[in-house]
Amino acid sequence: MKVPFLDLPAQQAEIVDEVLPVWRRQFESAAFIGGPEVAAFEAEYADYIGVGHCIGVGNGTDAIEIALRAAGIAAGDEVILPANTFIATAEAVSRIGAVPVLVDVDDDYLLIDPSAVEAAVTPRTRAIIPVHIFGQTAAVEELEPIAAKHDLVIIEDAAQSQGASSSHGRAGALGRIAATSFYPGKNLGAAGDGGAVLTDDAELADFARNVSAHGSSVRYVHDRIGFNSRLDAIQATELRAKLRRLDKWNGARRAAADFYAELLENVQGVRVPMTRPGNEDVWHLYVVRVEERDRVLAEMAADGIGVAIHYPTPVHLTAAYAGLGRRRGEFPVAEAAAERILSLPMFPHLTEAQQEGTVAALAAAVR
């Protein structure tokens, strides 16, 4: 049995009759930038997350950078983030001339370790970025006392957690400001690229909207040097249709995660993911840990199973961040995980038969 890692065409099939008539009107009117579809999506997504403001932007990396700028982070400031994240989190920090300060993650959930954050604070630290990786929600409630003690801003990276929550609230509404991505493979994905900045702070929201539109709130009046990063109307239409189905699709992901756990219960040599107490995860990825990961991946791929690695190299061991001067061994949990993690197929339309085929191939590979 062949099993795709992700089945985006199945999602498109659900929404195509809803989206195409709107796209046709947009093409006929040539209304591509801004307009009522973008405004409606921003209002609906802000309401869904539980914040006062959503500003649609061009992509998730821009969203993090804009959130950092809105929070007042500037060149030379230090920003603490986990070593186990996609490089975009660090890139956004670097793009404004600030310094990414990496810390290790906890071994149970591979989320930023609050005790490591406390130890990494210096007089130059200005912000903490908890990354809600794999569809979880990081322990923001444990970071808040650290942030308050040292006058730091918490900026959430919620790119992988649309709809996830902890007992303290929904991912994207836990810090002072948050960023998310609508890359097509995300739980809420666009038909291209997109992102958003989320906040309850009207002043930060105004800054984010201004800086993302060439530093302009009034046409041809430029208050600051900004850049061009806007969510277009085509993407807003796609996202509105998918947002109406997000809870159903996240529920399907949770059911699939439960079934994986059941199937893998007696498979030796596979460490299954756990849910942090109080969390309701949305399983953007289902990440197991195995020995001889590369061999296991190759054998499963040869069997037609779509598997992947998120992510094979911690940020400090990439060539891009060699300049940080951090060596192998400094973040042992993130480094050990990078050698063992394996993402199994996970998407809302995943069938039980596909999961049984996936686990059969995995069990044979680890035997």
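Start with helix H1, because there is a kink of about 65° in this helix, centred on Val16. Keep in mind as you look around that this is a predicted model. The residues that H1 buries are Ala10, Gln11, Ile15, Val19, Val22, Trp23 and Gln26. If you look for what covers them, you'll find helix H2 (36-49), H8 and H9 among the elements doing the job.

H1 also takes part in some charge pairing. Glu18 forms a salt bridge with Arg244, and their closest N and O atoms are 2.6 Å apart. Arg244 sits in the loop between helix H8 (233-243) and helix H9 (246-264), while Glu18 belongs to helix H1 (residues 8-29), so this pair ties together parts that are 226 residues apart in sequence. How open to solvent are the two partners, exposed or partly exposed? Arg244 has 52% relative accessibility, so it counts as exposed. Glu18, at 30% relative accessibility, counts as partly exposed. The two aren't on their own, either: Glu14, Glu18, Arg244, Arg245 and Lys248 are linked in a network of salt bridges.

Now swing over to the sheet. It is an open one of 7 strands, in the order E1-E9-E8-E5-E4-E2-E3, and the pairing is mixed. Which strands stand at the edges? They are strand E1 (53-57) and strand E3 (99-103), and each has a single partner strand, so one side of each is left without a neighbour in the sheet. Going from one strand to the next, the twist averages 25°.

You can walk through some of the pairings one at a time. At the E1 edge, E1 pairs with strand E9 (residues 195-199) in the antiparallel sense, over 5 bridges. There, His53 has Thr199 in E9 as its bridge partner. Further along the order, E2 and E4 pair in the parallel sense over 3 bridges, and Ile80 stands opposite Ile128 in E4. E4 also pairs with E5, again in the parallel sense, over 2 bridges. In that pairing Ala127 stands opposite Val153 in E5. Lying across strand E4 (125-128) and strand E5 (153-157) is helix H6 (residues 140-150), which runs at about 155° to E5.

What about the packing? In soluble globular proteins, nonpolar side chains tend to be buried together. Here the largest nonpolar core has 64 residues, and those with the most contacts inside it are Leu68, Ile73, Val79, Val117, Ile129, Ile155 and Val197. Helix H3 (residues 60-70) gives this core its largest share, 6 residues. For a closer look, pick Val117: leaving aside its neighbours within four places in sequence, Val117 is in contact with Ile80, Val103, Ile112, Ile128, Leu143 and Ile146. Apart from this core lies another one, of 26 residues, including Val290, Val296, Val359 and Ala363.

Back to the charges for a moment. Side chains of opposite charge can pair when their charged atoms come close. The count for this model comes to 25 salt bridges. One of them joins the side chains of Arg124 and Glu78, at 3.6 Å from N to O. Arg124 lies in the loop between helix H5 (114-120) and E4, and Glu78 in strand E2 (residues 78-82), so the pair ties together parts that are 46 residues apart in sequence. The two ends don't get the same label: Arg124 is at 42% relative accessibility and counts as partly exposed, whereas Glu78 is at 11% and counts as buried. Another salt bridge brings together the side chains of Asp294 and Arg293, at 2.8 Å from N to O. Arg293 is buried, with a relative accessible area of 5%.

One last stop is Ser165, which is found in strand E6 (residues 165-166). Is Ser165 buried or exposed? At 15% relative accessibility, Ser165 counts as buried, because the cut-off for that label is under 20%. And what is Ser165 in contact with, once you leave aside its neighbours within four places in sequence? The list is Thr137, Arg170, Ala171, Gly278, Asn279 and Glu280.

Conventions. Residues numbered from 1 in each chain as written. Predicted model: local features only at pLDDT ≥ 70, side-chain atom pairs only at ≥ 80, totals over all residues. Heavy atoms only, no water. Pairing = 2+ DSSP bridges. Helix = DSSP H or I, 4+ residues; strand = E, 2+ residues; numbered from the N terminus. Axes fitted to C-alpha atoms, helices over the stretch in contact; angles between N-to-C directions. Contact = heavy atoms within 4.5 Å. Core = buried A, V, L, I, M, F, W, Y, C linked by side-chain atoms within 4.5 Å. Buried < 20%, exposed > 50% of the residue type's maximum accessible area, 1.4 Å probe, protein only. Salt bridge = Lys/Arg side-chain N within 4 Å of Asp/Glu carboxyl O. Bend = angle between axes of the 7 residues up to and from the residue.
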